[in-house]
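Subject: Structure handover

Hi,

Here is the structure I promised to pass on to you. Please have it open while you read, and my notes follow just below.

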Amino acid sequence: MRDLRGASKRDNLGNLPRRDLLRLALAGGALSASGLILPSGARAATPKKGGTLLVGCAGGGAKDTLDAHQAVTYPDIARNFAMYETLATIAPDYSFQMLLATEITPNKTADLWTVKLRKGVTFHNGKPLTADDAIFSIKRIIDPKTPGGGAAGLADIDANGLTKIDDLSFSIKLKRANAIIDRELAQYTNSIIPIGYDVKNPVGTGPFRFGSFTPGDRTHMPAYSGYWRTGLPYVAELVIIDFPDDTARINALMGGQVHVIDNVPFAQTVPLGMTPGLKTLVAKTGGWLPFTMRVDQAPFSDVRVRQAMRLIVDRPQMIAQALSGQGSVANDLFSPFDPSFNHSLPQRHQDLDQAKSLLKAAGHADLAVELVTGDVAAGLVEAAQVFAQQAQGAGVTVNVRKVDSGVFYGDDYLKWTFAQDFWFTRDYLSQVASCQTPTASFNETHWSDPKFEALVSEALTTVDFAKRTELIHAAQAIDYDTGGYIIWGFRDQVDGYSSKIGGLVPSRTGNPLGNYGFAQMYFV
């Protein structure tokens, strides 16, 4: 695989020290092109070409990765959207659309799927995309020795049942029927990479190619001139810079040192939007910032403690204070946009007396717990602080421990007894596969309930929508009663950008910056 890093001025920019990158003047950057449905007015009539787009991302650290199948932090995910692509995608309006594939179709029993690939797509090294590459990618994701982040959602795929039909089509045989495998293939964790992929010099089909990478600092990506979506990207170069500290990220935008940032602290939404030369991008999403209780460790191994903790939360107050009103109340369940979401469960409200009663019955009348948090997503630390205050009303002491993003997503990630996290919008079964079964890649609550798992398993194999909805409702009822998450609200996604940048549109997916629409951003 040839080295794509040349000696041009464009490529050398990626090797500049961070302080020099941050001195670059604002140069200037719509979700539009090539078949993706977008809101009207998302693109100017004639967007300008060229310029270097500087992006500030929340979090990041020494464990940042370029691996297409291992993205965890915001900078990781941003790189995924820039360099790689999936067979299908969830568009900003939350509709399901084809991307590298033109068709993903099941047989009548949904245990055999056929995929037809888009003609004329090439990887950054000039190699045409073929069925062999797609099959290689899926096998890499589901490899039990080194599973990718999307492995749990693709667990029903039979690795020996991936069959090439011709250069641009292949079939996927499943171990059992799965009615939503196409939506799993659309997750950003399931990007398509070429045979021979080298994570140290990664190659994808995305609008930007690899230039240089310093974990915990920055990534430089020149535009890919052979990108299949005609006319895109608009900017000549993309630089993603890690900002674990919220204040530093805001200051970088306000000082003109970056053009766009993700995850504006909610308290800064209004003042930032009123700052001359700056704008905010606000999207209503199903994204959520849960408190995670490990159900396999005391005190949360007692369901009464988990129920009490959920009753401690004053949800409207949490929205008002932690999110500065930028969100909506949740009911300890994720996936509000899923058409099978169970809206019949009674809305949970704060009930401190009942919480005290449950804690006393569980032998934890004077409960004290440590809550691990960090500046890894907007509103996370604020939510921890508000929760600690609310818990005092039930006689619970919550000691908030704030760590940096490198520690939060370090060796103890998924092991914290009581912590937090962030998730984007997903449908229920897809989200469960990622975080709420023993085989899930991110089972942060260590949840395991045989009855729940049986219902989810049956729902996945059920093609009939009404029957599948009935099964999901039953699973959600168990989750609502005994789960390990405190899901108090759905957050708006708030990003900030210079008025010299065009092409951003709100996205219901919860992914920042218009579903990371770097290809469609341009300088005005």
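Let me begin with one pair of side chains: aspartate 67 and arginine 140 meet in a salt bridge, with 2.9 Å from N to O. Aspartate 67 sits in the loop between strand E1 (52-58) and helix H3 (74-83), while arginine 140 belongs to helix H4 (residues 131-142), so this contact ties together parts that are 73 residues apart in sequence. Aspartate 67 is buried, at a relative accessible area of 10%, whereas arginine 140 counts as partly exposed at 25%. Please keep in mind that this is a predicted model.

That bridge has company: the count comes to 21 salt bridges. Two others are worth a look.

One joins lysine 284 to aspartate 492, and their closest N and O atoms are 3.0 Å apart. It links distant parts of the chain, since lysine 284 is in strand E12 (residues 278-288) and aspartate 492 is in strand E19 (residues 489-498), 208 residues apart. Are the two partners buried or exposed? Lysine 284 counts as exposed, with 53% relative accessibility, but aspartate 492 is buried, with a relative accessible area of 2%. The cut-offs behind those words are under 20% for buried and over 50% for exposed.

The other brings together the side chains of aspartate 332 and arginine 310, at 3.9 Å from N to O. Aspartate 332 lies in the loop between strand E14 (327-329) and helix H10 (352-361), and arginine 310 lies in helix H8 (residues 303-312), which puts the partners 22 residues apart. Here aspartate 332 is buried, with a relative accessible area of 0%, and arginine 310 is buried too, at 1%. This pair is also part of a network of salt bridges that links Arg310, Arg315, Asp332 and Arg348.

Helix H8 deserves a moment of its own. Why can we call H8 largely enclosed by the rest of the structure? The reason is that 7 of its 10 residues are buried. Besides Arg310, the buried residues of H8 include Arg306, Val305, Ala308 and Met309. Leu311 and Ile312 are also on that list of buried residues.

Now for the pockets. Rolling a probe the size of a water molecule over the atoms shows where empty space is left. The largest pocket has a volume of about 460 Å³. Its lining is made up of 28 residues, and those nearest the centre are Gln70, Val72, Tyr413, Ser441 and Phe442. Sorted by class, that lining has 13 polar, 11 nonpolar and 4 charged residues.

The second largest pocket holds about 250 Å³ of space. It is lined by 15 residues, with Ala152, Arg176, Thr437, Thr439 and Leu460 lying nearest its centre. Which helices each supply at least two residues of this lining? They are helix H13 (428-435) and helix H14 (450-460). H14 gives the most, with 4 residues. The lining of this second pocket divides into 6 nonpolar, 5 polar and 4 charged residues.

If you would like a place to start in the viewer, try Arg310, which is buried in H8 and belongs to the salt-bridge network with Arg315, Asp332 and Arg348. After that, have a look at the largest pocket, around Gln70 and Tyr413, which are among the residues nearest its centre.

Happy browsing, and do write back with any questions.

Best wishes

Notes: Residues are numbered from 1 along each chain as its sequence is written. This is a predicted model: local features need pLDDT of at least 70, side-chain atom pairs count only at pLDDT 80 or more; totals for chains, interfaces and linings use all residues. Side-chain values use heavy atoms; hydrogens and water are left out. A salt bridge is a side-chain nitrogen of Lys or Arg within 4 Å of a carboxyl oxygen of Asp or Glu. Buried means under 20% relative accessible area, exposed over 50%, partly exposed in between (1.4 Å probe, protein chains only). On a 1 Å grid over the protein atoms alone, a cavity is a set of points where a 1.4 Å probe fits but cannot get out, and a pocket is an open set with protein on both sides within 12 Å along at least five of seven lines; lining residues have an atom within 4 Å of a point. Grid points are joined across faces, edges and corners, and a volume is the space filled by probe spheres set on the points. Ala, Val, Leu, Ile, Met, Phe, Trp, Tyr, Cys and Pro count as nonpolar, Asp, Glu, Lys and Arg as charged, and the others, Gly among them, as polar.
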